[in-house]
Each structure stands twice: as structure tokens, then as C-alpha cells.
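Hello,

Here is the structure for you to look over. My notes follow below it.

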Amino acid sequence: METKNNKNITTCPYAKKCGGCQYQGIDYAAQLKKKQKEMNKLLKDFGKPEPIIGMKDPLHYRNKVHAVFGRTRKGEIVSGTYEAGTHKIVNIDECMIEDEISQSIIRTIRGLLRSFKIRTYDEDTGYGLLRHVLVRRGFATGQVMAVLVLSSPILPSKNNFVKALRKEHPEITTVVLNVNDKKTSMVLGERDIVLYGKGYIEDILCGCTFRISPQSFYQVNPVQTERLYQTAMDYAELTGKERVIDAYCGIGTIGMVAAKKVREVIGVELNRNAVKDARINAKLNQIKNIAFYEGDAGRFMVSMAEEGEKADVVFMDPPRSGSDEAFLSSVIRLAPKRIVYVSCGPDTLARDLKYLARNGYQVRKMQPVDMFGFTEHCEMVVQLVKKR
Ligand SMILES: C[S@@+](CC[C@H](N)C(=O)[O-])C[C@H]1O[C@@H](n2cnc3c(N)ncnc32)[C@H](O)[C@@H]1O
């Protein structure tokens, strides 16, 4: 596989079965053109998006690698991804967009299973232990977290297993056992048991240090995330006096990057573990003008609007499904001067922009950022300003 930006890149051998990279075999410059065209078309009612910010190196950018484990009919242990639209596992040795160190950790785990007599989980029968492995690496800190998702809290010979794993990969700084004993397509269960290290990793973005727990959301492409957040800060036009809301805040990244430039930040997030990380992150970075609330962003905004609260700037970064009417209608009541909408779902972004444009906001700037090379996905940052 070629590693440079604009050369033709040979197609990944798993491309068809995996289905994760829709732009396989397409030159990176041509991928960017396709995304630009797509964004221009989708968002044409609101103006013309800026030229897309592409990656310097579009390979191995993902800091999070997930592999599902199972067996073939012949009893061979396999790990990789589900074949598109099925529950058949495609055994993957190498992926061109995932972090290489994390991939090699997953291969090592696959190799260790037999000698430790660890059975992979069978979805149909419910027997077996190892369901998934998730590896996350802090690109700036080098810290690595391996999460073993098991159907039971008991991993036989766990200390020796961790020792054998760390012997091959001394770069691993923490190992967590996640218990998922439900018949579900969700990867992670609710309970985490720390087998080694601190149970989380840290990474650095835009000069702030962030603690990331197994269950918390963290952007998968940290190099482009810095450019994304920088654009979001520029679009917020902060002067130091603002009261800012960071909605759908995850571990508090956007709010904390903004905190140095504003009077006060309020963050809201649904995931309890992410809120816990966010609060610790504020302390870690000695940021005192920020507070985090756990809950649904829509409900939180409704209650703020009912209490007659105001905000100067609202950052919103919802999941791919976008925001909801409770949230959007309350934002309108809070009447911020600017809304900075960060989106990984351009279709739902277009839907939500339509609502905001009908209710007193004007789209001023739109910046596509490529966070997901080789896939059809595109991240967007949009600046909306309140009409006079
Ligand atoms: C795309 S992530 C963005 C997180 C963060 N802004 C960042 O850049 O890392 C979306 C976040 O919204 C959270 N979320 C999903 N539904 C939510 C809801 N109804 N209310 C509040 N947060 C929600 C998710 O847990 C996730 O952390």
C-alpha cells in the first residue's frame, strides 16, 4: 500500500467484505474533491462551504481500533470486523486507516488466546469468553489502553495474561476488563474492572491534557481534531466576556479549549463516564470557569430556557443522528449571538440548519474537515449568527 497523500493507493484486500472504507482505491486528492462536491450539494441552500481541510497523511489516522473475536467453522480464531450487513467475521491482519501499534496489539492477543485457553464468545450459543478487544492510543502521550470485552468478570490467569501481553507490548499503559454479559450488538457493557495501570489514558489536544476512560467518546483522528477545534474557536469569535455552552461535550474537550478565552463555560453530556472524565479534566488543566452537567442536552437546554438563562455562544457537537427539536427550540429562546455547530452527520446537520435558519439564525461560514479518509464521512463546522 502506498503511504503518500496523492499517489494512487492500492485497494485494501478486505475492502469489499469489510465495507468500512467506501472510497477504497480512490486517490486521496480525488476523495477530497468528492467530499467537497457532496458537501457543496447538500448544503447549497445555506451558501458555499470553504475548501475542505484534508489530512497531511491519510493513513493509520485512527487512534481507536476495535476488533470482534470469534471462530471459523474449522475452529480457527479470527478477529476483525463483521462482514458488511452480516454477523460473519472478516479476519483482519492489517488495516490502512487504523493505528499500527494498536493493530499489532490485537494480533498479539489473538495469538495468546490458545495458550491461555481463552475461548472466543459465540453469539448464537452464548458460550465463550472474549467478545471484543478495543485499543486506544494517545498519539501525543504514547499511552495505550487495551480493553478486553468479556462475557464474564472472570478472566482465568489474568495476571499472567497481562504479563504476557505487556512483555510483547511494553507500550501498553493500562488494561481494562469490560464485562458485557448481554445478548446485544453494543460492544461495551457497563462494568469496567482495571487489570493493570490506571484504567484510562491521557492525550493532549490544543495544549490541554485529557483523560479518556474506556466508555467515553474521544475523536478518532486527533491530528485533524486540532484543526477542527481551531476552526470552531475562530467561528466562535470569542472576546473573553462570553458565557458559553458546550453541548454534547464528551470529556469536555471543546469547552476546555474555549475556557481560556471566555468568562464561563457550561458543558452538558449524557454519558456518565464522560462527565466524570470532563470534571477531572477541568481540574487537571486548572480550569476553574467551567462546570459540567450530566443529562440529555435537549432537556438541559429546555430547563435553561425556562429559567430565563442566557448564553452568548453555543457550541453543539451532537452524534451522527443530530440534535432534536427540544434542544434547537431552546437554543432559540436562549438567543446566543453565535452558534457553532460541529457535525459528523452532514444530512442531520442540513436538517438542523434548516430549523435554525427558519428561526432567526443565518449560516455565515461552513468548513468541511476530513477526519475520516477513505470513508465517505465528512466532518463539518458551521457558524450561525443571530439575525438582527
Ligand atoms: C460527536 S460526540 C462529541 C463529543 C465532544 N464534543 C468531542 O469533540 O469529543 C457526541 C457526544 O454527545 C453525547 N450525547 C449523545 N446523545 C446525547 C444527548 N441526548 N444529550 C447529551 N449528550 C449526548 C455522546 O455521549 C458523545 O459524547
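**What I found**

The chain holds 10 helices and 16 strands. Its radius of gyration is 22 Å, and the globule rule gives 21 Å for 388 residues, so the chain is as compact as a globular protein of that length. Please keep in mind that this is a predicted model.

Overall dimensions next. Taken along the principal axes, the C-alpha atoms fill a box of roughly 70 × 45 × 35 Å. Of the 388 residues, 45% count as buried. Contacts reach far along the sequence: among those between residues at least 6 apart, 65% join residues at least 24 apart.

Now the domains. There is a division into domain 1 and domain 2. Domain 1 is made of two segments, 28-57 and 221-386. Domain 2 covers 64-201. The C-alpha centres of domain 1 and domain 2 lie 32 Å apart.

Then the ligand. Which residues are closest to the ligand? They are Phe 217, Tyr 248, Gly 250, Leu 270 and Ala 297, out of 19 residues that surround the ligand. Two elements give two or more residues to this shell: helix 6 (253-259) and strand 11 (264-269). By residue class, the shell divides into 12 nonpolar, four polar and three charged residues.

For a quick look, start with the ligand shell, at helix 6 and strand 11. Then turn to the two domains, with their centres 32 Å apart.

Best wishes

How values were computed. Residues numbered from 1 in each chain as written. Predicted model: local features only at pLDDT ≥ 70, side-chain atom pairs only at ≥ 80, totals over all residues. Near = placed C-beta within 6 Å. Helix = DSSP H or I, 4+ residues; strand = E, 2+ residues; numbered from the N terminus. Nonpolar A, V, L, I, M, F, W, Y, C, P; charged D, E, K, R; others polar. Domains from an automatic or database assignment. Rg over C-alpha atoms; globule rule 2.2 N^0.38 Å. Buried ≥ 20, exposed ≤ 12 C-beta atoms within 10 Å, placed from the backbone. Contact = placed C-beta atoms within 7 Å.
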